[in-house]
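Open the model in a viewer and keep the sequence panel beside it. The stops below go from the whole chain to a single side chain.

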Amino acid sequence: MAVDETRQSFEDKCRTYQKWLMQINSRRFAKPVTIVWITDLSDNDTDKLILNNFKKVVAAFDSRQLLTYLNRHKHLLPDPINTITWVT
C-alpha cells in the first residue's frame, strides 16, 4: 500500500471513530509532541485527551510510540470500544 493510501486510510479511521493525533509545538521541547484528542462517543460526544494513571496527558515525540503505548495501556482509554478499535 502506498504512503498516501495508508495516510488516507488512517484519516478515514480517525473520522469514523472521532479519534485524532494532534501535534503540539512548545518552546519547552526541541520538536513537536503528539497527543490523542478523542470525542467520547460513549459519553455524550465529550471531547477528551488520553490521561495516564497520574492524570497527566499522554504524549510522545513519535506518533508510532504513542500508538504502541495506547495498545499496551488499553485500560486507560476513554470510550474503550471505539478507541481500541481505532488504535488497532
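Start with the contact map of this predicted model. Among contacts in the chain with a separation of 6 or more, 39% are between residues 24 or more positions apart.

Next, colour by secondary structure. Three helices and four strands appear, and their order along the sequence is α-β-β-β-β-α-α. The radius of gyration is 13 Å and the globule rule gives 12 Å for 88 residues, so the chain is as compact as a globular protein of that length. Drawn along the principal axes, a box around the C-alpha atoms is roughly 35 × 35 × 20 Å.

Switch on the surface. The accessible area of the chain is about 6300 Å², and carbon and sulfur atoms hold 52% of that area. Of the 88 residues, 26% count as buried.

Then select the charged side chains. The chain has 13 positive and 10 negative charges, and the mean positions of the two sets lie 11 Å apart.

Now hide the surface and select Cys14, Val36, Ile38, Ile50, Val58, Ala60, Leu66, Leu67, Leu70, Leu77, Trp86 and Val87: these twelve residues form the largest nonpolar core. Two or more residues of this core come from each of β2 (33–40), α2 (63–72) and α3 (80–87). Which element gives the most to this core? The answer is α2, with three residues.

Finally, centre on Ile38, a member of that core. Leaving aside residues up to four places away in sequence, Ile38 touches Gln18, Lys19, Thr46, Asp47, Lys48, Ile50, Pro78, Asp79 and Thr83. One of these, Ile50, also belongs to the core.

Methods:
Residues numbered from 1 in each chain as written. Predicted model: local features only at pLDDT ≥ 70, side-chain atom pairs only at ≥ 80, totals over all residues. Heavy atoms only, no water. Core = buried A, V, L, I, M, F, W, Y, C linked by side-chain atoms within 4.5 Å. Buried < 20%, exposed > 50% of the residue type's maximum accessible area, 1.4 Å probe, protein only. Contact = heavy atoms within 4.5 Å. Rg over C-alpha atoms; globule rule 2.2 N^0.38 Å. Areas by Shrake-Rupley, 256 points an atom, 1.4 Å probe, with all protein chains shown as cover. Lys, Arg positive; Asp, Glu negative; His and termini not counted. Charge placed at Lys NZ, Arg CZ, Asp CG, Glu CD.
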